[in-house]
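Me: I am new to protein structures and would like a close look at one part of this one. Could you walk me through it slowly?

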Amino acid sequence: MPRPVSESSRLRAGVATVAGGPATYLSVGSGGVPVLLLHGFAGDRLTWQFNLSALSSRRLAVAVDLPGHGGSTPDVGSGLVSDFAPWLVEFLDALELSRVHVIGHSMGGYVGRELALLAPDRVASLTLLSSAGLGTPFDLGFLRRAIAPADVEEGRACAARLFAGPSPLIPRFGEVLHAQGADPLRRAGLARIIEVSFAAHADGGGPPVDWSAYPMPIQVLWGRADRIIPLPSADRLPPGAPFQVFDAAGHLPHIEAASPVTAAIRAFLDGCDDAPSQS
């Protein structure tokens, strides 16, 4: 006989109201110190589909669409990534989540770091996955192409650059990028984020992050074959923080190396929860 599926183990879709607009999200699990997953630029909550269930074994797991992405509000405000942090505080309030572990991929890592800086008491730990915002060089041209591919083939070419090698997911990713680029409102919002938050820093060399401002545990995970944000140098990383590199993975290690990446995240979160200071 098949085992019954508990309600807490089902993937649930939800919509919260934040700053007068929708904030769409997926959730699974219950209890524990919840985990909040923040997707990368031009992505959405579905990019966590390979990780959500496994991360919910001891806790509630929530993946939200950031402004300008997925089903959330298309209004990106000024386009400053740092402005997404107070939006997330309101989102956490709407879901009555007082404290969460934060996992951020690419732009989501940048947003997660801003949330941790704005409201450190709300962030139990911070996992940065192929993170933007560390002052390292990145492929600005790719971002501009990815938001407005001329056709599906160009969308697939952009998608292929996200992976270390061939993947059956590339065609679907390419179709999504092309469809997203065909929406003028979404495209305008993404373009604003690029020009306001990213364009001036594509060559790297920005000021290093003041990691002393982050009291919570931090870990950093990266794909060795990342062609969008290459591996950071040691001086850009939080001192003493775990830093794991996954071979045969590009800019989407949580998809290409879903099992080992999810295992690393679970071990880190469980360790944070079980530490004496967290009891």
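Me: Is R144 buried, exposed or partly exposed?

Reply: Happy to help! Please keep in mind that this is a predicted model. R144 counts as partly exposed, because its relative accessibility is 40%, and that value falls between the 20% limit for buried and the 50% limit for exposed.

Now let's see what R144 does with its side chain. R144 forms a salt bridge with E195, and the closest N and O atoms are 2.9 Å apart. R144 belongs to helix 4, while E195 belongs to helix 7 (residues 184-198), so this pair ties together parts that are 51 residues apart in sequence. The partner is partly exposed too: E195 has a relative accessible area of 42%. As for the idea behind such pairs, side chains of opposite charge can pair when their charged atoms come close.

Just before helix 4 there is another pair to look at. The side chains of R161 and D139 meet in a salt bridge, at 3.0 Å from N to O. D139 sits in the loop between strand 6 (123-129) and helix 4 (140-146), and R161 lies in helix 5 (residues 152-162), so parts 22 residues apart in sequence are tied together here. The two partners fall into separate classes: R161 counts as partly exposed at 28% relative accessibility, whereas D139 is buried, with a relative accessible area of 17%.

It helps to set these beside a pair elsewhere in the chain. R45 and D65 have side chains that meet in a salt bridge, at 2.3 Å from N to O. This pair links distant parts of the chain, 20 residues apart: R45 is in the loop between strand 3 (35-38) and helix 1 (52-55), and D65 is in the loop between strand 4 (61-64) and helix 2 (84-94). Here both R45 and D65 are buried.

Salt bridges can also join into a group. R58, R59, D270, D273 and D274 are linked in a network of them. The structure holds 12 salt bridges, including the R144 and E195 pair you asked about.

For a contrast with your partly exposed R144, take a look at S27 in strand 2 (residues 21-28). S27 counts as buried, because its relative accessibility is 7%. Apart from its neighbours within four places in sequence, S27 is in contact with R10, L11, R12, L60, A61 and V62.

Note on methods. Residues numbered from 1 in each chain as written. Predicted model: local features only at pLDDT ≥ 70, side-chain atom pairs only at ≥ 80, totals over all residues. Heavy atoms only, no water. Helix = DSSP H or I, 4+ residues; strand = E, 2+ residues; numbered from the N terminus. Buried < 20%, exposed > 50% of the residue type's maximum accessible area, 1.4 Å probe, protein only. Contact = heavy atoms within 4.5 Å. Salt bridge = Lys/Arg side-chain N within 4 Å of Asp/Glu carboxyl O.
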